[in-house]
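These are my notebook entries on one protein chain, written down in the order in which I looked things up. I begin with a single residue and then work through the rest of the chain.

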Amino acid sequence: MSDQRQDEKRYDRRDTTLKFVNRPDDLDPLPPEEGDPGLRAEMSCGHAVTPESLTGWCRSLLDQGQYKFKCPALKDGTVNRCGAVWPYKEVRRLAVLTAEEMQYFEENIARMAAAEHCEFKSVNSFPFRMDLTNLCVQCTVCTADKKTVYQFCWQCSKPWKGTAPSADRCANEGCVNHDLELLKNCKLTVLPEVLEVIACPSIRACITCGQRVEHDKTGCKNIICPRCQIEFCFVCLKLTPECLKTSTHFQKCSAGVAPKQTSIPVWRRN
């Protein structure tokens, strides 16, 4: 999407998916010393940016521990900041991120989002699960009331039966992970715009956080997880930068189609 001149990122004038504007960069409004440094594109909030200014601002937010990209430009005629939240997908496109920058952004977004969003169930702060790979959980409230250790299954909510630890189920009848069953038994689908992808599992679990996702069968083979905002290939189940080292967005993956998943990734928190 960009022409690279002396390592400076620029938009491609032929890109009809972007809205170009003839006004100053709202993230760096000072005029250049010599001439026009390049095209400006309009973000969804209406403010103008260049690839360099957008990359710099969003990277500074990541370096400050913030993974939600908010527009810092002032609203017209006011001293108030816009504050609109830009989706990572929009930032990635309009910042013209390189493969290395994409990897840096996505790894940090995943780490920060995982730290913020607890993957715990709780009732009045009791109980909670520290080990996301073990379904056997000890209830501190019931243990205190009964004066004996009380454990239950995080999946079916029944008193624990069977050996522990266990990541998939307890010994209670009917204890089943419905998301995992969907992954194992989903139908195959076709991605019409991706060459030679004619039999791909129709449901996937995000390779970073385990969120269940489906492809809408339009556009390229890569999708962005709605929960952790990490982009990965729906076909080979690799992070997008890794997949694109040996293929393109609309070509089959060198690793082929990954089979139906038989386990759900656990979102690791640092």
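Entry 1, a residue late in the chain. Is Gln251 buried, partly exposed or exposed? I looked this up in the model, which is a predicted one, and found that Gln251 is partly exposed, with a relative accessible area of 38%. I then noted its place, which is in the segment after helix H6 (240-243). Leaving out residues up to four places away in sequence, I found that Gln251 touches Val194, Leu195 and Lys221. With Val194 I also checked the separation: Gln251 and Val194 are 57 residues apart in sequence, while their C-alpha atoms are 5.5 Å apart in space.

Entry 2, the chain as a whole. I counted the secondary structure and came to 6 helices and 15 strands. The chain has 270 residues, of which 39% count as buried. I also looked at contacts between residues at least 6 apart in sequence, and 50% of these join residues at least 24 apart.

Entry 3, the nonpolar cores. I reminded myself that, in soluble globular proteins, nonpolar side chains tend to be buried together. The largest nonpolar core here has 49 residues, and the members that touch the most other members are Tyr11, Leu54, Phe69, Trp86, Leu94 and Phe105. I asked which elements give two or more residues to this core, and they are helix H1 (51-63), helix H2 (88-94), H3 and S15. The largest share, 6 residues, comes from H3. Because domain 1 (20-116) and domain 3 (178-245) both give residues to this core, it lies between them. I picked Leu54 for a closer look and found that, not counting residues up to four places away in sequence, it touches Leu27, Met43, Val49, Trp86, Val91, Leu94 and Ala95. There is also a second, separate core of 10 residues, which includes Leu135, Cys136, Trp160 and Cys170.

Entry 4, aromatic rings. I first noted that a pair of aromatic rings is described by the distance of the centres and the angle of the planes. How many aromatic pairs does a search of the whole structure find? The search finds 5 aromatic pairs. In the pair I examined, the rings of Phe69 and Phe105 have their centres 5.9 Å apart and their planes at 40°, so the pair is tilted. Phe69 lies in strand S6 (residues 69-70) and Phe105 in helix H3 (residues 99-116), so the pair ties together parts that are 36 residues apart in sequence. I looked up the exposure of each partner: Phe69 is buried, with a relative accessible area of 1%, and Phe105 is buried as well, with a value of 0%. I then found that Phe69 and Phe105 belong to one aromatic cluster together with Tyr88 and Tyr104.

Entry 5, charges over rings. Tyr104 came up again here, since Arg59 lies over the face of this ring at 3.8 Å from the ring centre. I also noted that the charged end of Arg204 sits over the ring of Phe234, 5.8 Å from its centre.

Entry 6, a sheet. I recalled that strands of a sheet pair through backbone hydrogen bonds, either parallel or antiparallel. In the sheet I looked at, 3 strands form an open sheet in the order S3-S4-S5, and the pairing is antiparallel. Strand S3 (20-21) and strand S5 (48-49) are its edge strands, each pairing on one side only. Strand S4 (residues 40-42) is joined to S5 by 2 bridges, and I found that the bridge partner of Glu42 in S5 is Ala48.

Entry 7, backbone points to check. I kept in mind that most residues other than glycine have a negative phi, and most peptide bonds are trans. Which peptide bond did I write down as cis? The bond from Ala164 to Pro165 is cis, with omega near 0°, and Pro165 lies in the loop between strand S9 (151-153) and helix H5 (178-185). Glu196 is not a glycine, and yet it has a positive phi of about 65°. Glu196 lies in the loop between strand S10 (188-189) and strand S11 (200-201), and it is exposed, with a relative accessible area of 60%. Gln229 also has a positive phi, near 65°, and is found in the loop between strand S14 (222-224) and strand S15 (231-233). Gln229 is partly exposed, with a relative accessible area of 24%.

Technical notes
Residues are numbered from 1 along each chain as its sequence is written. This is a predicted model: local features need pLDDT of at least 70, side-chain atom pairs count only at pLDDT 80 or more; totals for chains, interfaces and linings use all residues. Side-chain values use heavy atoms; hydrogens and water are left out. Helices (H or I, at least four residues) and strands (E, at least two) are DSSP runs, numbered from the N terminus. Buried means under 20% relative accessible area, exposed over 50%, partly exposed in between (1.4 Å probe, protein chains only). Rings of Phe, Tyr and Trp (its six-membered ring) pair if their centres lie within 6.5 Å; planes under 30 degrees apart count as stacked, over 60 as edge-to-face and the rest as tilted. A charge sits over a ring if NZ of Lys or CZ of Arg is within 6 Å of the ring centre and within 35 degrees of the ring normal. Two strands pair if DSSP finds at least two bridges between them. A nonpolar core is a set of buried Ala, Val, Leu, Ile, Met, Phe, Trp, Tyr and Cys residues joined through side-chain atoms within 4.5 Å. Domain bounds come from an automatic or database domain assignment. Contact means heavy atoms within 4.5 Å.
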